[in-house]
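Thank you all for making time this morning. I would like to walk you through one model, and I will try to be careful about what each term means as I go.

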Amino acid sequence: MPAVDKLLLEEALQDSPQTRSLLSVFEEDAGTLTDYTNQLLQAMQRVYGAQNEMCLATQQLSKQLLAYEKQNFALGKGDEEVISTLHYFSKVVDELNVLHTELAKQLADTMVLPIIQFREKDLTEVSTLKDLFGLASNEHDLSMAKYSRLPKKKENEKVKTDVVKEVAATRRKQHLSSLQYYCALNALQYRKRVAMMEPMIGFAHGQINFFKKGAEMFSQNMNSFLSSVADMVQSIQVELEAEAEKMQVSQQELVSVDESVYTPDSDVAAPQINRNLIQKAGYLNLRSKTGLVTTTWERLYFFTQGGNLMCQPRGAVAGGLIQDLDNCSVMAVDCEDRRYCFQITTPNGKSGIILQAESRKENEEWISAINNISRQIYLTDNPEAVAIKLNQTALQAVTPITSFGKKQESSCPSQNLRNLELENDKIVPKAAARVPDADELIAPGTPIQFDIVLPATEFLDQNRGSRRINPFGETEDETFPEAEDSLLQQMFIVRFLGSMAVKTDNTTEVIYEAMRQVLAARAIHNIFRTTESHLLVTSQTLRLIDPQTQVTRANFELTSITQFAAHQENKRLVGFVVRTSESTGGEALSTYVFESNSEGEKICYAINLGKEIIEVQKDPEALAQLMLSIPLTNDGKYVLLNDQPDDNDGSPSENRGAESEA
């Protein structure tokens, strides 16, 4: 016998669209079998009815033959032979009627009854299990929807516990109902073959017995054929029993798994996360906008295919393209007080889709997988090895915190500036102190801003058109007259890497820690896009200027900059701490990190010189002495950079003038 298609019980818990699609094939087969069984039963009942009618007809015929003698024919002489002959025929018909009665009974027991039992037992059982599976699946979907809407507030822990228990109970119920349903559908593939052939065996045996007793019309060859068919049915029955036993054992093993299989987010504290995935599949909640301010979330099955993110609704034969992941970026986001959300951003910086995972493990694995795919690792010969290597490189690319404090101090004046600290508008040597912990410098979980100008596509003010509101003070119309009168005007080409709030400005270690966290976040979230700006340092302010539009993106007073330092290993990294006043009366500290085309020490030197000018402007003699000690241009402005390239700068000669006087 050819192999029988069957549903895999191991895939019942995952309930993937592929399994649902295969299940629909089995359900369609069961529906077709039900229709055919009804039609076959009607035909068999018609045969049985005809056989019963034959019994009644032969019985009536026998009586009618005997009634010939009782007829009062006017010309009835010479009918004795006819009467005796009819009596004989009546006896034959009576004997034949006995055979027809036995045949009718055999047809009822061996042909009609089995097909009725198959319809009422097997097909009805499949239909009932289908309804139970549908109810369990709907209950699980409702509980998952309730679970997905859980807020992150701790005061809702009891509600969360109840919902998690409800999800586990409905998931277990769905799993049990699906296992029973799958087993019934698998067994139906065997039973339908038996059900189709067993009635015909009974029909054939009844006819053989009938004709053997009547006229021996069936040959021995037919008996051997029917015997072989009976043997085949017996072998199918043996296979069914063996398969039923296997399914029962497998079902018991699958049901006896740990409860964590049914519980979402069972290991929140320390989940086992695989960050080297190059493909991923599973259910996610997709956020869709239904109006200007309203959104909906739909639970769909997502999977990656090459460099594409695909979505496949339940019952669909194949998935559809949702997002091209090549060169995209992905990061975790807060969205509508939902947990485990992440956003995929297109290469041109536009916000893409927002998805919600079921657990922390699923959330981080989806982010890692999309990051790996966006780098087109799947095109390499050994994607798994490349993914492992890239993730290890990303972690090693970030300098540990302790390395910042272990570098020896350089003897050049620019590096000695890092050993100075501003206290009460005076430069005082900093006392040696221990390297503070990261938590003492920056609060855990502090968000990082990667763009100096926030995207405003979702925050447009309808009354103001499409003008963006920049929290950093971007302006187009305002001018800075102090730049014309400033003794110091020095411009640098920089790229903004990120900024974040900090807890202290008492040490430059806070800048190094901010650099470490910004670089780590960019490496982990695959963020490579930066915005180039001109950093203008004057004796009053520090300004970020758009090189194309000359619009000031950000403006910082030098007096508000309390710390500044360059990275001791990556000479192009520079950062500074800004102290600002809040509306509540307190003060806020923020660290800004940049990458410069030249050494960051030169920017630190310019900032320090500007702060020195502010200090000595109160004393004309000190100002004159400072002007004598620093080379000036013809218009009286300070010259900080020479025309020679940096020793460690490998840029071509045409880039030497990238940083020049304003």
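I will begin with how the model is to be read, then take the sheet, then the helices, and finish with the salt bridges.

Please keep in mind that this is a predicted model, in which local features need pLDDT of at least 70 and side-chain atom pairs count only at pLDDT 80 or more, while totals for chains, interfaces and linings use all residues. Residues are numbered from 1 along each chain as its sequence is written, and side-chain values use heavy atoms, with hydrogens and water left out.

Let me turn to the sheet. When I say helix or strand, I mean a DSSP run, numbered from the N terminus, of at least four residues (H or I) for a helix and at least two (E) for a strand; two strands pair if DSSP finds at least two bridges between them. Seven strands form an open sheet in the order S13-S12-S11-S10-S16-S15-S14, with antiparallel pairing. At the edges are S13, residues 552–557, and S14, residues 561–566, each of which pairs on one side only. From one strand to the next, the twist averages 30°, where axes are lines fitted to C-alpha atoms, for helices over the stretch in contact, and angles run from 0 to 180 degrees between N-to-C directions. S14 pairs with S15, residues 573–581, in the antiparallel sense over five bridges, and there Ile561 stands opposite Val578 of S15.

Which helices lie across these strands? Taking contact as heavy atoms within 4.5 Å, helix H10, residues 509–524, lies across S10, S14, S15 and S16 and runs at about 80° to S10. Helix H11, residues 600–616, lies across S10, S11, S12, S14, S15 and S16, and runs at about 155° to S14.

Next comes helix H5, residues 360–374, whose expected span is 1.5 Å times one less than its number of residues; for 15 residues that should be 21 Å, and the end C-alpha atoms are 21 Å apart, which agrees. I call a residue buried under 20% relative accessible area, exposed over 50%, and partly exposed in between, using a 1.4 Å probe and protein chains only. By that standard H5 is mostly covered, since twelve of its 15 residues are buried, among them Trp366, Ile367 and Ile370. After H5 comes Gln376, with a positive phi near 60°.

Finally, the salt bridges, by which I mean a side-chain nitrogen of Lys or Arg within 4 Å of a carboxyl oxygen of Asp or Glu. The structure holds 24 of them. In one, the side chains of Lys6 and Glu243 meet at 3.1 Å, N to O; Lys6 lies in the segment before H1 and Glu243 in helix H4, residues 220–255, so this pair ties together parts that are 237 residues apart in sequence. Is each partner buried or partly exposed? Lys6, at 39% relative accessibility, counts as partly exposed, whereas Glu243, at 12%, is buried.

Glu166 and Lys146 also meet in a salt bridge, at 3.2 Å, N to O; Glu166 lies in helix H3 and Lys146 in helix H2, so the pair ties together parts that are 20 residues apart in sequence. Back in the region of the sheet, Glu587 forms a salt bridge with Arg579, their closest N and O atoms being 2.6 Å apart. Salt bridges that share partners also join Asp15, Arg20, Asp141 and Arg314 into one network.
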